[in-house]
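The following paragraphs begin with the ligand and its surroundings and then turn to the annotated domain.

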Amino acid sequence: MSVKSNLEAIKQTLPEHVTLVAVSKTKPQESILEAYDGGQRIFGENKIQEMAEKWAVLPKDIEWHMIGHVQRNKVKYMAEFVSLIHGVDSFKLLKEIDKQAKKHNRTIPCLLQMHIAQEATKFGLDQTELNDLIQSEAFKALDHIEIVGLMGMATNTPDHVQIRNEFKQLKSIFDQLKGSLPHVSVLSMGMSGDYKIAIEEGSTMVRIGSSIFGSRNYAH
Ligand SMILES: *Cc1c(COP(=O)(O)O)cnc(C)c1O
């Protein structure tokens, strides 16, 4: 199956209120352009440098989303162009994004990443950390970032009940957050293996890579 036909097949399964982020990490420009020709304009990357290189050469109407873990010292390489940062999980990082956004005279939309999986390796905030963050005066003083929602990754497991419960938990935190922050509307959850469950549990944005572009080969 070609990138274009994979993309088309995925889009057919998505309700209208769900935004598709095509995860193009490790994939060459040609694959991205194939999806672009199929109408896709939102692409997700997990390495800032790789995203910046692609941004420099690919069509300027592409919206680039940073979906991976963000190192603070690299925020400056994407501050000019990034459309949405999914993986914000500390005040320090948010402060750096705010600082770099200000240099470019813009406001950068961000999602706070919540830790919902069982695995200790997945990044993210717990509910107490989230509440402490959004209630702090230091957070309220940042005016070049905007928290527009939450992102989370479920445990990598064949147990659909567990995955569903983790998504339910994230949705419930999302609904509470809407009451305290005015611009919250995005719930980024669901990947190739679990996006259908995520949508049933309230996702508004899915991040899909391998089902569109084929499996990734990290050896290259
Ligand atoms: C790689 C990645 C995805 C896409 O994963 P697939 O299983 O290929 O769809 C989604 N979200 C994040 C954070 C990722 O790093």
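In this predicted model, the ligand occupies the largest pocket. The shell of residues around the ligand comprises six nonpolar, three polar and three charged members. Along the sequence, this shell begins with Val23 and Lys25, followed by Ile67. Met151 and Met153 also belong to the surroundings of the ligand, as do Met191 and Ser192. The remaining members are Arg207, Ile208, Gly209, Ser210 and Arg216.

Several of these residues approach the ligand through polar atoms. In the side chain of Ser192, an N or O atom is 2.6 Å from an oxygen atom of the ligand. Arg207 places a polar side-chain atom 2.8 Å from a ligand nitrogen atom. With Ser210, the backbone provides the polar atom, which is 2.8 Å from an oxygen atom of the ligand. The ligand taken alone exposes 390 Å², and 90% of that area is buried by the protein.

The wider setting can be described through a database annotation. An unreviewed UniProt entry lists residues 3–216 as "domain: Alanine racemase N-terminal". Within residues 3–216, helix accounts for 41% of the chain and strand for 19%. The C-alpha atoms at the two ends of this range are 13 Å apart. Arg216, named above among the residues around the ligand, is the last position of the range given in the UniProt entry.

Key:
Residues numbered from 1 in each chain as written. Predicted model: local features only at pLDDT ≥ 70, side-chain atom pairs only at ≥ 80, totals over all residues. Heavy atoms only, no water. Near = heavy atom within 4 Å. Polar contact = N/O pair within 3.5 Å; in protein donor to acceptor, adjacent residues only side chain to side chain. Areas by Shrake-Rupley, 256 points an atom, 1.4 Å probe, with all protein chains shown as cover. 1 Å grid on protein atoms, 1.4 Å probe; cavity = no way out; pocket = protein on both sides within 12 Å on 5 of 7 lines; lining within 4 Å. Sits in = over half its atoms within 2 Å of the grid points. Nonpolar A, V, L, I, M, F, W, Y, C, P; charged D, E, K, R; others polar. UniProt positions renumbered as here; feature names shortened; annotations may be inferred. Helix = DSSP H or I, 4+ residues; strand = E, 2+ residues; numbered from the N terminus.
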